[in-house]
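Student: I would like a close look at one part of this protein. Please start from a single residue and build outwards.

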Amino acid sequence: NLIAEADETNNTLLTSANLTVGAADLVVPPFTFSPAVSGPGGAVTIQYSIKNQAPAPGDAPASASRLFLSRNQSVSGEVVNFGTVSVPPIPAGLTVSGTRPITLPADLSPGNYYFGTVADPSGQVFESNEGNNVGFTQGRILVGPDLLVTAATTVAATTPGANVSVTYSIKNQGGQSAANFGVGFTLVPVT
């Protein structure tokens, strides 16, 4: 208040109209990848989306999203960071999608993994809810070999100490060949 006035009480006016200030709300809908199985060092394509679920006028400016691989559907289970991708501005209520080819690390341990995405990982976009920016694939990628016994048959009866033959089939449903492995059998009593 730098100017001395005769009446200081009339310097403010409250309008009768409401002013809506819209904030973006970025979320990551479930997304997909292909192929479903791979080996360490294999190529995978991720198809992801970022949605701004805010009502108008909550437009989101250009930002980024981070892609990663996780043992479970959590950021704390992250095992590989695939870096960020640019995300264009997203008007309120709309979704943008992208495709990113990635290469799995050559030293990745065999197992089942989820892909995850963090929208606006650096927190540059002002949002009404910062706690819903992470999303995951519903399905898991199978990395490495995965042996499955598909059939096993033998005789119905035998005597103690006798040898029996077992016929079996094993399928590798994984994304990497399985070499030099043994097959064992166990006699289990049936009651």
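Tutor: Start at Ser 38, which sits in strand S3, residues 37-38. Strands here are DSSP runs of E with at least two residues, helices are runs of H or I with at least four residues, and both are numbered from the N terminus. Before going on, note that the model is predicted: local features need pLDDT of at least 70, side-chain atom pairs count only at pLDDT 80 or more, and totals for chains, interfaces and linings use all residues. Residues are numbered from 1 along each chain as its sequence is written, and side-chain values use heavy atoms, with hydrogens and water left out.

Is Ser 38 buried or exposed? Ser 38 is buried, because its relative accessible area is 7%. The cut-offs are these: buried is under 20% relative accessible area, exposed is over 50%, and partly exposed is in between, with a 1.4 Å probe and protein chains only.

What does Ser 38 touch? Leaving out residues up to four places away in sequence, Ser 38 touches Ala 43, Val 44, Leu 104, Ile 141, Leu 142, Val 143, Gly 144 and Gly 175. A contact means heavy atoms within 4.5 Å.

Two of those names lead inwards. Leu 104 and Ile 141 are among the residues with the most contacts inside the largest nonpolar core, which has 26 residues. Leu 69, Phe 82 and Phe 115 are also on that list. Such a core is a set of buried Ala, Val, Leu, Ile, Met, Phe, Trp, Tyr and Cys residues joined through side-chain atoms within 4.5 Å. At least two core residues come from each of strand S4 (43-52), strand S5 (63-70), strand S6 (78-87), strand S8 (111-119) and strand S10 (141-143).

Now look at Phe 82. Beyond four places in sequence, Phe 82 touches Leu 67, Phe 68, Leu 69, Arg 100, Ile 102, Thr 103, Leu 104 and Phe 115. Phe 115 belongs to strand S8. Phe 115 counts as buried because its relative accessibility is 0%. From Phe 115 to Ala 156 is 41 residues along the chain, and their C-alpha atoms are 47 Å apart.

Back to S3 and its surroundings. Just before it, in the loop between strand S2 (32-34) and S3, lies Pro 35. The peptide bond joining Ser 34 to Pro 35 is cis, with omega about 0°. A second cis bond runs from Ala 56 to Pro 57, with omega near 10°. Pro 57 is in the loop between S4 and S5. Most residues other than glycine have a negative phi, and most peptide bonds are trans.

Phi has its own exceptions here. Asp 120 has a positive phi near 50° and is not a glycine. Asp 120 lies in the loop between S8 and strand S9 (134-136). Asp 120 is buried, because its relative accessible area is 4%. Asn 180 also has a positive phi, about 55°. Asn 180 is in the segment after S12. Asn 180 is exposed, because its relative accessible area is 83%.

Next, charges. Side chains of opposite charge can pair when their charged atoms come close. How many salt bridges are there? The count is one, where a salt bridge is a side-chain nitrogen of Lys or Arg within 4 Å of a carboxyl oxygen of Asp or Glu. The partners are Glu 78 and Arg 66, with the closest N and O atoms 2.9 Å apart. Glu 78 is in strand S6 and Arg 66 is in strand S5, 12 residues apart. Glu 78 counts as partly exposed because its relative accessibility is 27%. Arg 66 counts as buried because its relative accessibility is 15%.

Finally, step back to the whole. There are zero helices and 12 strands. Buried residues make up 31% of the 191 residues. Of the contacts between residues at least 6 apart in sequence, 67% join residues at least 24 apart. The C-alpha atoms fill a box of roughly 115 × 40 × 25 Å, taken along the principal axes. So the close look runs from buried Ser 38 through Leu 104 and Ile 141 to the 26-residue core.
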